[in-house]
Amino acid sequence: MNKKITRQLEDIERTEKKMAELQDHLDKTRASLKVDEDEEIIRSFRSMNVTGWDLLAMLDGIQNGTVKFFQEDAPARGNEPRKKTDKGTERKKTPPEEQVPDVAPESEDNNYGDEN
């Protein structure tokens with residue numbers, strides 16, 4: 001048989017063997033990642049010290065999509081400066097004079113031009 005074809009067939013066999021080994025490695029790595037993520041979720045819930053009906057209600061809310069999680073020390077849009085402390089990294093506090101109120105102040109003219 002042609003030596004070139006023989007080498008190509010051998011190369012294909014080696015490559016397929018390597019691909020099978022890499023796929024096996026990928027599958028094992030993904031399984032390990034899932035186990036580690038599950039353990040982290042369990043540690044997180046246990047650290048909340050929530051038990052009984054409160055835990056059941058919270059888990060039900062997560063599954064329904066009615067419970068939302070917010071990371072308190074994360075910048076809102078990623079543009080706030082962060083500072084290092086003994087407890088880790090936390091957001092820089094905005095001075096009161098630079099803070100914007102969440103709602104507009106109420107006035108007696110809230111009818112927006114409706115004269116009734």
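Which side chains meet in a salt bridge at 3.5 Å, N to O? They are those of Arg14 and Asp11, and a salt bridge here is a side-chain nitrogen of Lys or Arg within 4 Å of a carboxyl oxygen of Asp or Glu. This is a predicted model, in which local features need pLDDT of at least 70 and side-chain atom pairs count only at pLDDT 80 or more, while totals for chains, interfaces and linings use all residues. Residues are numbered from 1 along each chain as its sequence is written, and side-chain values use heavy atoms, with hydrogens and water left out.

**Overall layout**

- The chain holds two helices and two strands, taking helices (H or I, at least four residues) and strands (E, at least two) as DSSP runs numbered from the N terminus.
- From one end of the sequence to the other, the order is α-α-β-β.
- Of the 116 residues in the chain, 3% are buried; buried means under 20% relative accessible area, exposed over 50%, and partly exposed in between (1.4 Å probe, protein chains only).
- About 11700 Å² of the chain is exposed, with carbon and sulfur atoms supplying 52% of that area. Accessible areas come from the Shrake-Rupley method with a 1.4 Å probe, and for residues only the protein chains shown count as cover.

**Salt bridges along helix α1**

- Four salt bridges turn up in a search of the whole structure, and three of the pairs can be visited here, starting with Arg14 and Asp11.
- Arg14 and Asp11 sit three residues apart in helix α1, about one turn of the helix. Arg14 is partly exposed at 48% relative accessible area, and Asp11 is partly exposed at 39%.
- Lys28 pairs with Asp24 in a salt bridge whose closest N and O atoms are 3.3 Å apart. Because these two residues are four apart in helix α1, about one helical turn separates Lys28 and Asp24.
- Lys28 is exposed, with a relative accessible area of 56%, whereas Asp24 is partly exposed at 39%.
- Arg43 and Glu40 form a salt bridge with their closest N and O atoms 2.9 Å apart. Both lie in helix α1, three residues apart, about one turn of the helix.
- Arg43 counts as partly exposed at 48% relative accessibility, and Glu40 does too, at 41%.
- An α-helix has 3.6 residues a turn, so residues three or four places apart point the same way.

**A nonpolar patch**

- Met1, Ile5, Leu9 and Ile12 make a nonpolar surface patch of about 440 Å². Patches take residues with over 30% relative accessible area and no salt bridge, joining like charges within 9 Å and nonpolar side chains (Val, Leu, Ile, Met, Phe, Trp, Tyr) within 5 Å.
- Ile5, one of the patch residues, belongs to helix α1 and is partly exposed at 40% relative accessibility.

**Helix α2 and its two flanks**

- Asn49 is located in the loop between α1 (3–47) and α2 (52–64). Its phi is positive, about 55°, although Asn49 is not a glycine.
- Most residues other than glycine have a negative phi.
- Asn49 counts as exposed, with 68% relative accessibility.
- The 13 residues of α2 should span 18 Å at 1.5 Å a residue, and the end C-alpha atoms are 19 Å apart, which agrees. The expected span is 1.5 Å times one less than the number of residues in the helix.
- Gly65, just after α2, also has a positive phi, about 90°.
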